[in-house]
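The following exercises concern one protein chain. Each task is followed by a worked solution.

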Amino acid sequence: MHATHMERRDRRFGWMLSAPGLLLLGAVVLFPIVWAGLTSFFDYTLLMPGYDSFVGIGNYRMAAGQGEFLHSAWITLLFVVAVVAIQFVIGMVVALALNDARRGKSVYYLILLCPLLINPVVVGLMWRMILHPTLGIVNWLLGTVGIAPVNWLGAPDMAFWTVVLVDIWHQVSFMVVLLLAGLSALPTEPYEAARCDGATAFQRFWHITLPLMRPVIIVTLLIRMIFAIKTYDIIYIMTRGGPGVATDLISYFIYRRAFVSLDLGQACAMAVMLLVVIAGMTAMLWRAMRQVGE
């Protein structure tokens, strides 16, 4: 009884200490969400701000039936699948190699983490200069071997895959770090037994590593997908959604709807729809993380 009373008192004291910060955080986080949810039910524009014209779910219907929004959602889906899939393959290969490395791990870690530590805005500016059609070093190097300059960010198909590759360069080390942490925590006994039975390296990977790493892989993929869906900085700096709408990811599309078209009601409706998708993925991530903890 005494121990239970002490635990309750310590818990109350902990809540008292954290209450100011939690209240401030709640206000900062909840206010924009509540305001966006409220605004999404009105015909609210920056030219005529106000809550006089209630449209109900009209903004949601308009967004769901709007070709530009659906195209942006499709482009975002392709972007997420491409960057996450390629980053996972590269991340797993590099993590397996680093897990077996005997020397120089600290140096490899430093090299891998360098891109991840760069601000996304700086990444966008840097690669925009590197890939410049006339002044960029990439086209200069191609010219030295007789290859014509490539308009990396000016052609629709090329621009999309260029942005994908830049995002992979920037974020793949995140995938490597998480997968390497999972590999480092795996037990050694199954591998020793498999070697005694004559299993090849691929058989050990397929029948031991992947099953044991499944919870970590799910968590890693979900985290990376959530961040990929919200990609905005690189698109804004490198392409502004262009050429045309080739790289018009949904976060940038919502920005344009709010601050270029000035239609805040529709933009908030789209943002709420995106929030629901991310919240669903976050719930899946929470469940997967609990399974890893068990």
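Axes are lines fitted to C-alpha atoms, for helices over the stretch in contact, and angles run from 0 to 180 degrees between N-to-C directions. The model is predicted, with local features requiring pLDDT of at least 70, side-chain atom pairs counting only at pLDDT 80 or more, and totals for chains, interfaces and linings using all residues. Residues are numbered from 1 along each chain as its sequence is written, and side-chain values use heavy atoms, with hydrogens and water left out.

**Exercise 1.** Determine how helices H3 and H11 are oriented to each other.

Solution. Step one: H3 covers residues 67–100 and H11 residues 250–259 (helices are DSSP runs of H or I, at least four residues, numbered from the N terminus), and their axes lie 8 Å apart at an angle of about 150°. Step two: angles over 145 degrees count as roughly antiparallel; H3 and H11 are therefore roughly antiparallel. Step three: Glu68, Phe69, Ser72, Ala73 and Thr76 of H3 meet Ile250, Phe253 and Arg257 of H11 in the contact (heavy atoms within 4.5 Å).

**Exercise 2.** Describe the secondary structure and overall spread of the chain.

Solution. Step one: the chain has 12 helices and zero strands. Step two: its radius of gyration, taken over C-alpha atoms, is 24 Å, well over the 19 Å from the globule rule for 294 residues (2.2 Å times the number of residues to the power 0.38), so the chain is more spread out than a compact globule. Step three: the C-alpha trace spans about 80 × 75 × 30 Å along its principal axes.

**Exercise 3.** State what share of the residues is buried.

Solution. Of the 294 residues, 36% count as buried (under 20% relative accessible area, 1.4 Å probe, protein chains only).

Methods:
Helix = DSSP H or I, 4+ residues; strand = E, 2+ residues; numbered from the N terminus. Parallel < 35°, antiparallel > 145°, perpendicular 65-115°, else oblique. Buried < 20%, exposed > 50% of the residue type's maximum accessible area, 1.4 Å probe, protein only.
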